[in-house]
Amino acid sequence: MPFTPSTTPEAVRRVACIGAGVIGGGWVAHFLARGYDVTAWDPAADAEDKLRRLVSAAWPALEQLGLADGASPDRLTVAPTLAEAVADADFVQESAPEKLELKRALLAELAAAARPGVVIASSTSGYPMTDMQTTAADPSRLIVGHPFNPPYLIPLVEVVGGTHTDAAAVAWASRFYDVAGKSVITMDRELPGFIANRLQEALWREALHMVANGEATVEDIDASITEGPGLRWAFMGPCLTFALAGGEGGMAHMLDHFGPSLKSPWTRLEAPELDSALRDAMVDGCASAAGDRTYADLVAERDQGVIDVLRATGRLPRADRAGAPDPAVPGQRPHTPGSAAR
Ligand SMILES: NC(=O)C1=CN([C@@H]2O[C@H](COP(=O)(O)OP(=O)(O)OC[C@H]3O[C@@H](n4cnc5c(N)ncnc54)[C@H](O)[C@@H]3O)[C@@H](O)[C@H]2O)C=CC1
Ligand SMILES: C[N+](C)(C)CC(=O)CC(=O)[O-]
């Protein structure tokens with residue numbers, strides 16, 4: 001079935017967020033801050049309470065980023081049913097648990113309940129849409145919109161369709177996220193883990209090996225990134241960073257010089273066994289690294305850290321201009337939802 005959009009990406013007014021945990025709640029905070037009306041639905045009994053607490057905790061950071069005109073946590077409605085949550089939505093973001101059968105059934109239900117021509121995005125961190133859209137009556141409007149935690153601060157969203165997604169729905173979603181202040185990578189094919197998680201998983205696999213073998217502590221591993229390559233990666237990706245490692249000879253010299261010695265680490269390791277000893281070592285190591293900081297303390301610390309990095313790398317207005325959007329900066333474009341004609 002070809003995809004015919006119900007509205008333009010610029011004219012979206014109401015977003016439905018289905019599943020309101022860590023990521024769904026983060027999306028709710030993001031869309032509220034960008035000036036949308038948001039309707040959320042989550043089957044957990046305590047979901048509304050938790051969601052409103054998440055939005056309140058995120059709001060000071062969002063104020064620092066600069067809110068869209070009229071943005072307010074009061075524009076959040078928590079619906080009693082999935083059908084009511086999506087009834088008037090111009091866009092749907094699904095953030096339910098990462099379980100394939102659950103996603104299949106939920107996306108089919110959403111595709112049956114949402115108005116025709118409304119794009120439905122899944123936050124999945126790894127399932128290809130082709131595997132999730134198998135039972136939906138109209139799979140043409142189902143896409144992956146993979147965010148990063150927290151979605152209200154980390155700009156990137158990876159967008160990709162499945163075999164039965166219409167390319168027009170992928171293009172519509174990419175434009176919508178762009179209008180909504182995200183940095184978008186649109187992929188023309190499905191890869192497990194998309195791009196960023198494929199990279200993160202390689203790093204994570206090695207971290208788990210080192211903990212399992214007692215070769216490094218959780219704290220050493222975290223410090224090796226925050227005091228090392230992580231500082232460069234905030235503004236220059238791993239490829240250009242390594243091109244500089246080749247000096248004036250650039251990537252050509254880097255590969256000719258280091259390539260042969262790098263072949264062994266590229267091919268040496270397989271996934272570690274996530275047994276209970278490794279699980280406990282990771283959990284205990286993280287508890288020790290956190291010390292007496294609570295979850296709320298760590299969230300506040302992370303949010304301020306990301307804002308400081310965004311500001312220091314020129315991706316936010318200066319502190320003395322916070323709240324004044326800079327049209328040159330992605331995510332700071334002064335867009336008022338629903339301001340464009342449908
Ligand atoms: N946590 C992370 O760092 C990231 C997670 N993701 C993806 O986001 C999605 C959600 O993950 P989290 O927010 O971390 O999980 P979470 O466990 O924090 O939240 C999941 C929420 O879904 C609700 N839920 C349970 N069954 C449901 C159903 N049938 N329909 C709707 N909601 C239902 C739960 O009550 C819970 O509030 C997953 O697909 C995950 O892969 C993507 C990027 C980052
Ligand atoms: C842990 N995770 C694989 C769910 C993380 C992501 O998908 C993206 C992120 O926030 O790093």
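Colleague: By class, how many nonpolar, polar and charged residues does the shell around ligand 2 have?

Modeller: Quick heads-up: this is a predicted model, where local features need pLDDT of at least 70, side-chain atom pairs count only at pLDDT 80 or more, and totals for chains, interfaces and linings use all residues. Residues are numbered from 1 along each chain as its sequence is written, chains are lettered from A and ligands numbered from 1 in the order in which they are written, and side-chain values use heavy atoms, leaving out hydrogens and water. Around ligand 2 (a heavy atom within 4 Å) sit S125, H146, P147, F148, N149, N197 and Q200. With Ala, Val, Leu, Ile, Met, Phe, Trp, Tyr, Cys and Pro as nonpolar, Asp, Glu, Lys and Arg as charged, and the others, Gly among them, as polar, that shell comes to 2 nonpolar, 5 polar and no charged residues.

Colleague: How much of ligand 2 does the protein bury?

Modeller: Start with the side chains: polar atoms of H146 and Q200 each lie 2.9 Å from an oxygen atom of ligand 2, and an N or O atom of N197 is 2.8 Å from one. Taken alone, ligand 2 exposes 320 Å² (Shrake-Rupley method, 1.4 Å probe), and the share the protein buries is 54%.

Colleague: Which residue has a side-chain N or O atom 2.5 Å from an oxygen atom of ligand 1?

Modeller: Of the 22 residues around ligand 1, those that come nearest are I23, D42, E98, K103 and S125. I23 uses a backbone N or O atom, 2.8 Å from a ligand 1 oxygen. The side chain at 2.5 Å belongs to D42.

Colleague: And what share of ligand 1 gets buried?

Modeller: A96 also has a backbone N or O atom 3.3 Å from an oxygen atom of ligand 1. Ligand 1 alone exposes 830 Å², and the protein buries 72%.

Colleague: Which three residues supply 57% of the area that domain 1 buries against domain 2?

Modeller: The split, from an automatic or database assignment, is domain 1 (9–186) and domain 2 (227–321). Together they bury about 820 Å² (accessible area, 1.4 Å probe, lost on being put together, summed over both), with 57% of it from carbon and sulfur atoms. On the domain 1 side, the trio that supplies more than any other three residues is Q64, L65 and L153.

Colleague: How many salt bridges are there between domain 1 and domain 2?

Modeller: A salt bridge here is a Lys or Arg side-chain nitrogen within 4 Å of an Asp or Glu carboxyl oxygen. Between domain 1 and domain 2 the count is 0.

Notes:
Buried area is the accessible area (1.4 Å probe) that two parts lose on being put together, summed over both. A polar contact is a pair of N or O atoms within 3.5 Å; within protein, one must be able to donate a hydrogen and the other to accept it, and residues adjacent in sequence count only if both atoms are side-chain atoms.
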